[in-house]
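Visitor: I am new to this structure and would like to be led through it step by step. Could you show it to me before we begin?

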Amino acid sequence: MRAAFFGLGAFVALTGYSFLVVDKFVMSGEHEERAKGFRGMLTSPETIHERTKDVFDPPEWSAFVLMSVGCVTMLYAAALPKHGH
């Protein structure tokens, strides 16, 4: 039970940290064609903004809430009594 709570808290805290680092998440459902090989990694289609489906822009406070809830959950997992005497 302790490991499950600790893992859940770490996941929530890291999700909050990713909200702190990233401004927006752009989700595109369409597959974009790129050139194969090394040049395809460096090029991007110019019309990508026309094909985007959704933009997820989390509020600024959500990063701090998720990080604090995750850290409190990890502290709770560390404070759980050991199962067995």
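The questions and answers that follow go from the overall layout to single residues.

Visitor: In what order do the elements of the protein run from the N terminus on?

Guide: A word of care comes first, since what is shown here is a predicted model. The protein has four helices and two strands. Read from the N terminus on, these elements run in the order α-β-α-α-β-α.

Visitor: What percentage of the residues of the protein count as buried?

Guide: A residue is called buried when its relative accessible area is under 20%. The accessible surface of the protein comes to about 7,100 Å², and 65% of that surface belongs to carbon and sulfur atoms. Of the 85 residues of the protein, the part that counts as buried is 20%.

Visitor: Among contacts between residues at least 6 apart in sequence, what percentage join residues at least 24 apart?

Guide: One pair that is far apart along the chain is Phe6 and Ala77, which are 71 residues apart in sequence and 5.4 Å apart in space, C-alpha to C-alpha. Over the protein, among contacts between residues at least 6 apart in sequence, the share that joins residues at least 24 apart is 78%.

Visitor: How far does helix α1 reach from its first C-alpha to its last?

Guide: Helix α1 covers residues 2-21, which makes 20 residues. At 1.5 Å a residue a span of 28 Å is expected, and the distance in the model is close to that value, at 29 Å.

Visitor: Why do the buried residues of α1 line one face of the helix, and within what arc do they fall?

Guide: The buried residues of α1 are Gly9, Val12, Ala13, Gly16 and Phe19. An α-helix has 3.6 residues a turn, so residues three or four places apart point the same way. Seen down the axis of α1, its buried residues line one face because they fall within an arc of 110 degrees.

Visitor: Which elements do the buried residues of α1 pack against?

Guide: The face of α1 turned away from its buried side carries the exposed residues Ala3, Ala4, Phe11, Leu14 and Val21. On the buried side, the residues of α1 pack against three elements, namely β1 (25-27), β2 (54-56) and α4 (60-79).

Visitor: Which residues of α4 are buried?

Guide: Helix α4 has 20 residues that should span 28 Å at 1.5 Å a residue, and its end C-alpha atoms are 30 Å apart, which agrees. On the other side of α4, away from the buried residues, Glu60, Trp61, Phe64, Val72, Leu75 and Ala79 are exposed. What covers the buried residues of α4 includes α1. The buried residues are Ser62, Ala63, Met67, Gly70, Thr73, Met74 and Ala77.

Visitor: Is Thr73 buried or exposed?

Guide: Thr73 is found in helix α4, and, not counting residues up to four places away in sequence, Thr73 touches Phe5 and Gly9. The relative accessibility of Thr73 is 18%, and the cut-off for a buried residue is under 20%. Thr73 therefore counts as buried.

Visitor: Which residues does Phe6 contact, leaving aside its neighbours within four places in sequence?

Guide: Phe6 lies in helix α1 and is partly exposed, with a relative accessible area of 43%. Leaving aside those neighbours, the residues in contact with Phe6 are Met74 and Ala77.

Visitor: How much accessible area does the nonpolar patch on the surface have together?

Guide: The patch is formed by Leu14, Tyr17, Leu20, Val21, Val22 and Phe64, and its largest share, four residues, comes from α1. One of its members, Leu14, is exposed, with a relative accessible area of 58%. Another member, Leu20, is partly exposed at 41% and touches Ala63, Phe64 and Met67, not counting residues up to four places away in sequence. Together the residues of the patch have an accessible area of about 590 Å².

Visitor: What distance separates the C-alpha atoms of Lys82 and Arg2?

Guide: Lys82 has its place in the segment after α4 and counts as exposed, at 69% relative accessibility. Lys82 and Arg2 are 80 residues apart along the chain, and their C-alpha atoms are separated by 8.6 Å.

Terms used
Residues numbered from 1 in each chain as written. Predicted model: local features only at pLDDT ≥ 70, side-chain atom pairs only at ≥ 80, totals over all residues. Heavy atoms only, no water. Expected span 1.5 Å × (residues − 1). Buried < 20%, exposed > 50% of the residue type's maximum accessible area, 1.4 Å probe, protein only. Arc of directions from axis to C-beta. Contact = heavy atoms within 4.5 Å. Patch = residues over 30% accessible without salt bridge, like charges linked within 9 Å, V, L, I, M, F, W, Y side chains within 5 Å. Areas by Shrake-Rupley, 256 points an atom, 1.4 Å probe, with all protein chains shown as cover. Salt bridge = Lys/Arg side-chain N within 4 Å of Asp/Glu carboxyl O.
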